[in-house]
Amino acid sequence: MKLPILRNVVILACICAFYSINAQETNAPKFGKGLFNLVGKDSTWSMKIGLRFQTLATSSWDVSNGLSNPATSFLIRRSRLKFDGFAYSPKLKYKVELGLSNRDQSGASKYTSNAPRYILDAVLKWNFTGNFVLWFGQTKLPGNRERVISSANLQQVDRSLLNSRFTIDRDIGIQLRHHFNLTDTFLIKEIFSIAQGEGRNITTGNIGGHQYTTRVELFPFGDFKSKGDYKGSDLKFEPKPKLSLGFAYDFNNNASKTRSNQGSYMLNDIGFYSTNISTVFIDAMFKHKGFSFMAEYANRNADDALAKNSDGTLTGDEVQIGNGLNLQTGYLLTKTIEASARYTNVTLDRNITGKGAENQYTLGLSKYIAGHKLKIQTDLSYTDIGFTTNKLLYRLQVDIHF
């Protein structure tokens, strides 16, 4: 962590400590509801400050070479500071989230001035009329459901291979969100987004064109409790069946990265190779009485997936086009213990990428001490890659969220 960043974090921690001491005498929030909540004397602003981190231990084996000599690691998978509230009016909300772990900050590129990546979210949300809300700033794009689900609210230790290969993640731009009821119970939500198309924390301008995303969600049985359509597990034990169907389309004009606004830059003899990249997501979430099921399909395509120099020769880079499927289910054996299972298939175009299909099978077990705010999760995954390489992965993670 760079010294100025560390200094600012220390200052912030001191401020938090000061206010928390006073909060102990007044109205300290319930566990999981933030370190403390502030409201201006004239009620023109508010701020909730939260902190969370995940401690992860992993062991992996190459089954093809036997189960001896596992690769073992321990790390802080995520460490986040989050600020949210409203400014001037409850109709103008904001969210700022900072990533403090090495994994949160990794990925700086010399092509973007090695810009630091500790800002995850910095977004304003303006409810300017009725059910219309305008978002402006850097945040998650409305792509696949699993990515939009917070890493604090996942059903298993981490997201699937589909997400790591196809997600459009975060970017900076404008989003227009709206919802309406078709009938008394049938709810529809729409999101339209225009973004820079380069990913998060870009400081040197836009290399290609812009990125356009639209997403529509259908709720035939009404909305979920406590935004449960974007939380893993049915911890609210929905008394009636709840279903959300999502359809998203993303178009990145003249994208210069191998995975739309993610992946590595594609270079050529005159600078950057660019091509139009489109991604389709179809997903669903179902919950009822402790049972949950989530399904996702992803497809990425490109006008010309093979990167070329100005004379038409290949550079060796290519867009990661192909399909992904993720099926995940869980059942709460008690109010605090859940068993889960997941199957993921990623099939990239072998003629373009030279990569074989990946199939991953995962079994998970979670203990929710205080819901998603304090939990212990463990899972075991078996992965075959092109039916030639077989890997076994065991993970154990503790998640705490103030």
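**Exercise 1. Judge the overall size of the chain.**
Task: What radius of gyration would a compact globule of 402 residues have, and what does the protein chain have?

Solution. Start with the rule: the radius of gyration is taken over C-alpha atoms, and the globule rule is 2.2 Å times the number of residues to the power 0.38. For 402 residues, a compact globule would come out near 21 Å. The protein chain has 22 Å, which agrees with that expectation. Next, look at the box: along the principal axes, the C-alpha atoms fill roughly 70 × 55 × 45 Å.

Before going on, keep in mind that this is a predicted model, where local features need pLDDT of at least 70, side-chain atom pairs count only at pLDDT 80 or more, and totals for chains, interfaces and linings use all residues. Residues are numbered from 1 along each chain as its sequence is written, and side-chain values use heavy atoms, with hydrogens and water left out.

**Exercise 2. Describe the chain as a whole.**
Task: How many helices and strands does the protein chain have, and what percentage of its residues count as buried?

Solution. First, the secondary structure: there are five helices and 23 strands. Here helices (H or I, at least four residues) and strands (E, at least two) are DSSP runs, numbered from the N terminus. Second, burial: 46% of the 402 residues count as buried. Buried means under 20% relative accessible area, exposed over 50%, and partly exposed in between (1.4 Å probe, protein chains only). Third, contacts, meaning heavy atoms within 4.5 Å: among those between residues at least 6 apart in sequence, 60% join residues at least 24 apart.

**Exercise 3. Find two lysines with positive phi.**
Task: Where do Lys227 and Lys289 lie, and are they buried or exposed?

Solution. Begin with Lys227, which sits in the loop between β9 (211-219) and β10 (242-255). Its phi is near 55°, a positive value in a residue other than glycine. With 66% relative accessibility, Lys227 is exposed. Now move to Lys289, in the loop between β15 (275-288) and β16 (291-302). Lys289 is not a glycine either, and its phi is positive at about 50°. A relative accessible area of 52% makes Lys289 exposed.

**Exercise 4. Explore two buried residues.**
Task: Which side chains make polar contacts with the side chains of Thr344 and Gln175?

Solution. Locate Thr344 in strand β20 (residues 337-348). At 1% relative accessibility, Thr344 is buried. A polar contact is a pair of N or O atoms within 3.5 Å; within protein, one must be able to donate a hydrogen and the other to accept it, and residues adjacent in sequence count only if both atoms are side-chain atoms. The Thr344 side chain has such a contact with the side chain of Asn326, at 2.7 Å. Leaving out residues up to four places away in sequence, Thr344 touches several others, among them Ser160, Leu161, Leu162 and Glu358.

Then turn to Gln175 in strand β7 (residues 170-181). Its relative accessible area is 4%, so Gln175 is buried. The Gln175 side chain makes a polar contact with the side chain of Arg177 at 2.8 Å. A polar atom of the Gln175 side chain also lies 3.0 Å from the backbone oxygen of Lys140. Beyond four places in sequence, the contacts of Gln175 include Trp135, Thr139, Lys140 and Phe192.

**Exercise 5. Compare distance along the chain with distance in space.**
Task: How many Å separate the C-alpha atoms of Ser73 and Thr58, and of Thr183 and Ile207?

Solution. Step one: Ser73, in strand β3 (residues 71-87), is partly exposed at 29%. Ser73 and Thr58 are 15 residues apart along the chain, with their C-alpha atoms 5.4 Å apart. Their side chains make a polar contact at 2.7 Å.

Step two: Thr183 is in the loop between β7 and β8 (187-195). Its relative accessibility of 42% makes Thr183 partly exposed. Thr183 and Ile207 are 24 residues apart along the chain, and 45 Å separates their C-alpha atoms. The Thr183 side chain also reaches the backbone nitrogen of Phe186 at 3.0 Å.
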